[in-house]
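Open the model in your viewer and get ready to click along. We'll pick out one selection at a time and look at what is there.

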Amino acid sequence: MFVKLILTCGLVSLARGGLIAAPHGALSSQSIVLGAPAYGAGYAAPALGIGSAVVSHAAPFLRAPIASYGHAAPVEIYAHPRYTFNYGVADGHTGDQKSQWETRDGDVVKGQYSLVEPDGTLRTVDYSSDAHNGFNAVVSRQGHAAHPAVAPVVAAPAYGHGHLLG
């Protein structure tokens with residue numbers, strides 16, 4: 001019974017890890033490949049034998065070219081990254097104040113964030129990144145640092161067994 005449990009757990013692990021395909025042959029991938037020849041026309045799919053059934057898996061990382069026979073090379077679609085976002089926090093109860101904005105168009109990123117430091121100054125960071133210049137950040141501070149005065153330490157009177165010693 002223990003051996004059957006171990007074998008079942010092993011098979012489930014192999015299936016969830018992608019080494020054994022589902023019987024319907026569904027695939028999952030993070031990229032789109034166009035123009036790739038089907039198996040049997042230049043690519044081989046490894047087969048795993050389980051009992052009397054043989055399951056073929058066609059995951060992209062297991063594809064191995066056999067021969068090209070004039071087929072076009074697979075074309076991978078590249079999605080151009082483009083986004084813009086901003087946010088801000090202004091909490092009067094805690095004094096937390098910060099904001100950020102950022103834009104990206106391909107490999108070019110530009111943005112700025114600012115926050116109020118514990119000493120009361122405003123730190124602002126303007127940053128940019130691209131393939132030619134790399135990552136650049138310019139940090140600036142506004143305002144004067146204000147540190148709270150330290151309260152003097154007053155020694156408490158000494159008590160011993162409920163009476164003031166002195």
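## Starting at an arginine

Select Arg141 first: with a relative accessible area of 51%, this residue counts as exposed, because the cut-off for that word is over 50%. Keep in mind that you are looking at a predicted model.

Now show the side chain of Glu117 as well. Arg141 and Glu117 form a salt bridge, and their closest N and O atoms are 3.6 Å apart. The two come from distant parts of the chain, 24 residues apart: Arg141 belongs to strand 11, while Glu117 is in the loop between strand 9 and strand 10. Is Glu117 buried or exposed? Glu117 is buried, because its relative accessible area is 14% and the limit for buried is under 20%. So this salt bridge pairs an exposed residue with a buried one.

Stay with Glu117 a little longer. Leaving out residues up to four places away in sequence, Glu117 touches Arg123 and Arg141. Add Arg123 and Asp119 to your selection: Glu117, Asp119, Arg123 and Arg141 are joined into one network by salt bridges that share partners. As background, side chains of opposite charge can pair when their charged atoms come close.

## Next stop: a small neighbour

Select Ala145, which sits in the loop between strand 11 and strand 12 (159-160). Ala145 has a relative accessible area of 45%, so it is partly exposed. Which residues does Ala145 contact, apart from its neighbours within four places in sequence? They are Asp119 and Thr121. Now click Gly120 too: its C-alpha atom is 5.8 Å from that of Ala145, although the two residues are 25 apart along the chain.

## The sheet

Switch to a cartoon view and colour strands 7 to 11. These 5 strands form an open sheet in the order 7-8-9-10-11, with antiparallel pairing. Which strands stand at the edges? They are strand 7 (82-90) and strand 11 (134-142); each has a single partner strand, so one side of each is left without a neighbour in the sheet. On average, neighbouring strands here are turned by 5° against each other, ignoring direction.

Zoom in on strand 7 and strand 8. Strand 8 covers residues 97-105, runs antiparallel to strand 7, and is joined to it by 9 bridges. For one example of residues facing each other across this pair, select Phe85 and Glu102: Phe85 stands opposite Glu102 of strand 8.

## More salt bridges

With the same two strands in view, select Arg82 and Asp105. They form a salt bridge, with 3.1 Å between the closest N and O atoms. Arg82 lies in strand 7 and Asp105 in strand 8, so the pair ties together parts 23 residues apart in sequence. Arg82 is exposed, at 61% relative accessible area, whereas Asp105 is partly exposed, at 41%.

Then move to Lys98 and Asp96. This salt bridge has its closest N and O atoms 3.5 Å apart. Both partners count as partly exposed: Lys98 has 34% relative accessibility and Asp96 has 30%. How many salt bridges does a search of the whole structure find? It finds 5.

## Stepping back

Zoom out to the whole chain. The secondary structure comes to 1 helix and 13 strands. Follow the chain from the N terminus and you meet the helix, then the strands one after another. Of the 166 residues, 14% count as buried. The accessible surface is about 13000 Å², and 61% of it belongs to carbon and sulfur atoms. Looking at contacts between residues at least 6 apart in sequence, 29% join residues at least 24 apart.

## Where to be careful

Finally, colour the chain by pLDDT. The mean is 74, and 60% of the residues reach 70 or more. Select residues 24-31, where pLDDT stays under 50; the model has 4 contacts beyond four places in sequence for this stretch. Residues 38-64 also stay under 50, with 51 such contacts in the model. Where pLDDT is low, the predicted coordinates should not be read in detail.

Notes
Residues numbered from 1 in each chain as written. Predicted model: local features only at pLDDT ≥ 70, side-chain atom pairs only at ≥ 80, totals over all residues. Heavy atoms only, no water. Pairing = 2+ DSSP bridges. Helix = DSSP H or I, 4+ residues; strand = E, 2+ residues; numbered from the N terminus. Axes fitted to C-alpha atoms, helices over the stretch in contact; angles between N-to-C directions. Buried < 20%, exposed > 50% of the residue type's maximum accessible area, 1.4 Å probe, protein only. Contact = heavy atoms within 4.5 Å. Areas by Shrake-Rupley, 256 points an atom, 1.4 Å probe, with all protein chains shown as cover. pLDDT = per-residue confidence, 0-100. Salt bridge = Lys/Arg side-chain N within 4 Å of Asp/Glu carboxyl O.
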